[in-house]
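Welcome! Have the sequence and the 3D view side by side, and take your time turning the view as you read.

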Amino acid sequence: MLSISTYYSLQYLLLLSAAVVFYEIFPLRARRWVMLLFSYLFFFAVSGKLVCYLILSTLSIHHIGIWLSDVQAESKAKLALLGKEAKEEKKALSASYLHKQRCIMTFAVILHVGMLLMLKYTPFAVENLNALIHFTGISYTFRLKKILVPIGISFYTLQAVAYLFDVYRQKIEADKNLLRLSLFMGFFPQIMEGPICRYSDTAEDLWKAERIRYDNLIAGGQRILFGFMKKIVLADRLNLLIKDVFSKYDDYDGFVIALCAICYTIQLYMDFSGTMDVVIGSAQIFGVKLPENFKRPFFSTTISEFWKRWHVTLGTFFKDYIFFPLSMSKPLKKLTTKARKKLGNHFGPLLAGAVALFCVWICNGLWHGAGWNYIFFGMFHFVLILLGSIIEPAAIKVTQKLHIKRTSKPYKFFQIIRTTILVCIGELFFRAEGLTAGFKMFKKIFTNFTFATLKDGTLFQFGMDKQDYIIIGVSVILILIISILQERGMHIRESISKRNIAIQFAIYYALILFIIIFGAYGGNYVPVDPIYAGF
Amino acid sequence: MDERLIEILEDIQPEVDYLTCTTLIDDHYLNSLAIISLVAELEEEYDITIPTVEIIPENFNSAENMWKMIQRLQEEG
């Protein structure tokens with residue numbers, strides 16, 4: 001049976017190549033069907049018969065979208081019949097139709113988010129319920145059959161909900177065309193790990209189904225290669241150390257644990273941003289422009305900025321569909337207006353902001369997984385962002401008194417390092433095998449830290465030798481240089497494509513050879529499972 | 001452009017040239033908390049309701065765009 005567990009496999013490349021060939025040889029109308037067929041084939045290869053969840057979700061939003069649209073049209077038609085003078089009547093009519101739309105949306109959210117909650121969080125809920133029952137001394141245990149969760153459900157559910165909210169807010173029109181909506185929901189490169197697209201981002205590009213262009217093919221191919229490099233050379237190589245230290249943290253001192261937290265942060269970034277390179281590159285081949293999910297997050301000066309640069313589409317989803325709707329709700333708006341008058345411009349909106357931010361970070365933590373360490377991860381960032389806002393005026397005063405220029409490069413560098421350390425701490429808890437393990441590991445960094453480990457050969461215990469560390473160092477520096485150039489506004493892929501064709505291909509071959517020679521595969525290496533596909 | 005709007009903006013976030021700046025959101029002059037404050041203030045001042053769908057960078061990147069949005073919402077009643 002065709003089975004794909006990762007983008008970094010021969011099977012994925014074969015499926016992508018086959019999709020390109022069939023897509024190209026068919027005429028426009030058929031190309032759309034070819035794309036949908038390959039999308040469902042890919043999903044089937046990843047999740048088997050669970051593809052039915054994706055199809056049901058698509059059918060559901062197609063129907064609910066049209067339902068909303070019909071209610072909106074009916075409301076407009078009835079309002080148009082009323083004269084200008086009938087203001088009260090119009091208001092009452094609008095309110096009644098708005099109520100109807102809200103009922104439909106409540107039903108839709110319960111259906112889609114409820115399905116996600118049921119499939120993903122039931123075992124976590126049952127586990128905690130059993131712990132609570134045992135705590136009270138009752139010996140009863142709830143037993144649960146294994147629930148199969150379709151890969152990518154956390155991603156496509158958010159896409160579905162965003163689509164319906166956009167129809168409800170009349171930002172977009174409900175799509176009556178089931179094929180176009182199915183393509184938007186199921187487009188195969190992005191179905192497993194995002195990016196979380198809005199209907200207005202991709203539906204039109206997918207529907208156009210343009211012929212494959214040479215420049216798109218080359219640019220997409222470049223991006224895929226770069227993603228492979230990040231994953232196979234770096235993320236998989238680091239896996240040896242990370243797997244061992246997180247599972248046997250009792251055997252290691254604080255230095256190794258701190259190093260492991262840094263390595264895991266690098267691994268997570270290389271794995272997820274590398275996957276995004278493969279995904280966005282694959283889509284580019286078909287002329288589909290997916291939104292970027294990473295904007296060089298390790299140049300962030302605050303945690304708040306970090307989350308505007310890391311997993312961007314998840315952050316904007318939470319901002320648009322949770323943070324602003326909550327903070328703009330009537331009770332919180334009233335709170336803001338009152339608090340502003342008493343507490344001023346800075347602290348006034350903080351109260352409403354904190355309530356909305358708390359909800360965002362609970363959702364963010366839980367979205368990543370059903371576990372207390374994920375909830376802690378969310379709360380950790382909530383506290384850091386809130387603290388950042390609370391102490392900002394004091395921090396400005398302190399730096400002014402110390403004559404530190406906040407826009408100076410050394411101060412910015414200090415902020416970047418501080419943010420990176422905080423991110424690494426958060427990721428330590430995120431990856432730890434349970435919350436207790438996370439705390440024990442964190443404690444060891446402060447109570448059992450010694451540089452002696454650098455010399456006693458511990459670092460070569462994980463199956464990694466000196467060459468591995470050199471390759472990691474060189475690759476990280478290489479990616480850092482590329483990131484600095486991008487941060488300065490340079491478009492590296494564009495500048496490569498302007499070069500002589502011989503130079504262009506020399507660069508591609510060099511990158512391919514780099515991956516083949518320095519890739520961490522075979523031997524001791526165990527490739528890391530696609531981390532975000534599990535969410 | 002309405003002078004009162006500029007006053008509100010300067011009250012919320014001073015030291016920005018609101019007559020010329022067109023990247024208030026893109027360049028982080030106004031953060032999410034400032035937007036919460038601003039929306040509450042604009043609704044009270046101009047007797048409008050700003051729905052969540054209007055809270056997009058395009059509407060808040062410049063004072064001019066904000067003014068256009070306010071006028072539009074006033075017309076829509």
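Here is a short briefing, going from whole domains down to single residues. Keep in mind that this is a predicted model. In chain A, the assignment gives three parts: domain 1 (10-199), domain 2 (210-294 + 432-535) and domain 3 (304-421). Notice that domain 2 is written as two stretches of the sequence, 210-294 and 432-535.

**Where domain 1 meets domain 3 in chain A**

- Let us begin with distance: the centres of domain 1 of chain A and domain 3 of chain A, taken over C-alpha atoms, are 29 Å apart.
- The two domains touch through 15 residues of domain 1 of chain A and 15 residues of domain 3 of chain A.
- Between them, about 1400 Å² of area is buried, and carbon and sulfur atoms give 63% of it.
- Which three residues supply more of the area that domain 1 of chain A buries against domain 3 of chain A than any other three? They are Phe124(A), Ile196(A) and Arg198(A), which supply 38% of that area.
- Arg198(A) is worth a second look, as its side chain also meets that of Asp320(A) in a salt bridge, at 3.1 Å from N to O.
- The count of salt bridges between domain 1 of chain A and domain 3 of chain A is one.
- Polar contacts join these domains too, with 10 residue pairs counted where both residues are at pLDDT 80 or more.
- On the domain 1 side of this contact, helix H4 (87-135) and helix H5 (153-168) of chain A each supply at least two residues. H5(A) gives the most, with seven residues.
- Sorted by class, the residues on that side of domain 1 of chain A are nine nonpolar, two polar and four charged.

**Where chain A meets chain B**

- Now zoom out to the contact between the chains, which takes 19 residues from chain A and 17 residues from chain B.
- The area buried between chain A and chain B is about 1700 Å², with 64% given by carbon and sulfur atoms.
- How many salt bridges are counted between chain A and chain B? The count is four.
- A salt bridge to look for here joins Lys333(A) and Glu43(B), whose closest N and O atoms are 2.5 Å apart.
- Four residue pairs, both at pLDDT 80 or more, are in polar contact between chain A and chain B.
- Helix H11 (312-327) and helix H12 (330-368) of chain A each bring at least two residues to the side of chain A that touches chain B. H12(A) gives the most, with nine residues.
- That side of chain A has six nonpolar, six polar and seven charged residues.

**Pairs that link distant parts of chain A**

- Over all chains, a search of the whole structure finds 55 aromatic pairs.
- Why is the pair of Tyr252(A) and Phe462(A) called tilted? The ring centres are 5.5 Å apart and the planes of the rings are at 50°, so the pair counts as tilted.
- Tyr252(A) sits in the loop between helix H8 (214-247) and helix H9 (254-285) of chain A, while Phe462(A) sits in the loop between helix H15 (435-447) and helix H16 (466-487) of chain A; the two are 210 residues apart.
- Salt bridges number 22 over all chains.
- In a salt bridge of 2.8 Å from N to O, the side chain of Arg223(A) meets that of Asp277(A).
- This pair also links distant parts of the chain, with Arg223(A) in helix H8 of chain A and Asp277(A) in helix H9 of chain A, 54 residues apart.

**Two backbone details in chain A**

- Is the peptide bond from Gly194(A) to Pro195(A) cis or trans? The bond is cis, with omega near 5°.
- To find Pro195(A), look in the loop between helix H6 (178-186) and helix H7 (199-208) of chain A.
- Gln170(A) is not a glycine, yet it has a positive phi of about 60°.
- You can locate Gln170(A) in the loop between H5 and H6 of chain A.

Terms used
Residues numbered from 1 in each chain as written. Chains lettered and ligands numbered in written order. Predicted model: local features only at pLDDT ≥ 70, side-chain atom pairs only at ≥ 80, totals over all residues. Heavy atoms only, no water. Domains from an automatic or database assignment. Contact = heavy atoms within 4.5 Å. Buried area = accessible area lost by both parts, 1.4 Å probe. Polar contact = N/O pair within 3.5 Å; in protein donor to acceptor, adjacent residues only side chain to side chain. Helix = DSSP H or I, 4+ residues; strand = E, 2+ residues; numbered from the N terminus. Nonpolar A, V, L, I, M, F, W, Y, C, P; charged D, E, K, R; others polar. Phe/Tyr/Trp six-rings, centres within 6.5 Å; stacked < 30°, edge-to-face > 60°.
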